[in-house]
Amino acid sequence: MRKFNFCAGPAALPEPVLRQAQEELLDWQGMGCSVMEISHRSPEFVAVAEQSEQDLRDLLHIPDNYKVLFLQGGATAQFSAIPMNLFGAGSKKADFIHTGQWAEKAIKEAERYGEVNIVASAEDRNFSYAPAADSWQESADAAYFHYTPNETIGGVEFPYIPEVKSPLVADMSSTILSQPIPVEKFGFIYAGAQKNIGPSGIAVGIVREDLLDRALPEIPRSLSWKIAADGQSMDNTPPTFAWYLSGLVFKWLKAQGGVNAMAELSLKKSGLLYGFLDRSAFFSSPVAKDSRSRMNVPFVLADDKLDKQFLQESEEAGLLNLKGHRSVGGMRASLYNAVPLEAVEALVAFMADFEQRHG
Ligand code: PLP
């Protein structure tokens, strides 16, 4: 029996997708073997790759002057790939908004290759908010401007898209495909797959074509966006099964009504949970109201001595993976696209009952 899974990542996948993969596992398209047992250069797999790209383009309305890349090494490899792909055309400086642990990892990598200017930081209030647009000033000569639209650990989401002069780079690992995005405002968008796209092992990059010739000469070929773009993301063997499964998720998303439907659903799901947290005298959200994430909802109990019991009882109730990130403690419910509204309804009912018994 499948349970309601609130894992931050690798996260729940849509059940129909898993069923289809299960059905096709031994004999894919009548070939007598699985999709992960054929050449990535075979016409059959190339068709999977091309279709998944097209579906992603349709879902996000990606303009023609952007390349879609299916990359390896997760979002973490991109923390290094970004400066190496963008610091080779003069400026070796980048602007960053520092909003928490994921932004910090991107900052640390960029510092290895050039100069980092932190234009705004939310450290003063324990990374519990997204700094306002009028609180920072960008550099005149930055090679790019990086931010993290959704901090998965802190549960902080930007309520706006920065308007900047340099190419805007966004780590959308935990928010991609949950709402429409104006791709044309960005130079580079990247996301590890294991939240809203598919299994871990693959990452998506969306890069504006004019940024493909700015790499440092010493860039490793496995991190080069240009080589990935020129070789249809197959310069070396890609993670074919993860790619195939991501393609099934894109199809599933289209059948659900695409990102508009996901945005509506995620507002409902997160609204239900935040509404409960705000009414509760026992549970609370540590995040500023205007920066609350629709994807990752951290919350704390009034008495942290009950944390263990909460986790044990919730698991017994079929509500999985509610433990907060090991670095911050407390709880976190991740509400990615594959988490149905019923899961949040069950969670809120469980929390109300827990509060009544222990509050
Ligand atoms: N960026 C964000 C916002 C994340 O949530 C994560 C992982 O949870 C990462 C980057 C790292 O992704 P990966 O594990 O694919 O390298």
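Before the ligand, one convention: Ala, Val, Leu, Ile, Met, Phe, Trp, Tyr, Cys and Pro count as nonpolar, Asp, Glu, Lys and Arg as charged, and the others, Gly among them, as polar. By that scheme, the shell around the ligand has 3 nonpolar, 8 polar and 1 charged residues.

This is a predicted model, in which local features need pLDDT of at least 70 and side-chain atom pairs count only at pLDDT 80 or more, while totals for chains, interfaces and linings use all residues. Residues are numbered from 1 along each chain as its sequence is written.

Which residues are around the ligand? They are G9, G74, A75, T76, W102, T148, T152, D171, S173, S174, G192 and A203, each with its C-beta atom, placed from the backbone, within 6 Å of the ligand. Helix 3 (residues 74-86) gives the largest share of that shell, 3 residues. Helices here are DSSP runs of H or I with at least four residues, strands are runs of E with at least two, and both are numbered from the N terminus.

Now the sheet. It is open, with 7 strands in the order 2-10-9-8-5-3-4 and mixed pairing; two strands pair if DSSP finds at least two bridges between them. Strand 2 and strand 4 (115-121) are the edges, each pairing on one side only. From one strand to the next, the twist averages 20 degrees. Angles run from 0 to 180 degrees between N-to-C directions, and axes are lines fitted to C-alpha atoms, for helices over the stretch in contact.

Helix 3 packs on this sheet, and its direction makes about 160 degrees with that of strand 9 (188-192). Contact means C-beta atoms, placed from the backbone, within 7 Å.

Is strand 2 (residues 66-71) buried or exposed? Of its 6 residues, 6 are buried, meaning that 20 or more other C-beta atoms lie within 10 Å of the residue's own, with C-beta atoms placed from the backbone. Y66, V68 and F70 point one way, and K67, L69 and L71 the other. Strand 2 pairs with strand 10 (residues 203-208) in the antiparallel sense over 6 bridges, and L69 stands opposite G205 there.

Last, two helices. Helix 7 (residues 258-279) and helix 9 (residues 341-358) pack at about 5 degrees, their axes 10 Å apart. Helix 7 is therefore roughly parallel to helix 9, a term for angles under 35 degrees. The residues of their contact divide into 9 nonpolar, no polar and 3 charged.

How values were computed
A residue is buried if 20 or more other C-beta atoms lie within 10 Å of its own, exposed if 12 or fewer, and partly exposed in between; C-beta atoms are placed from the backbone. Angles under 35 degrees count as roughly parallel, over 145 as roughly antiparallel, 65 to 115 as roughly perpendicular and the rest as oblique. Two residues are in contact if their C-beta atoms, placed from the backbone, lie within 7 Å.
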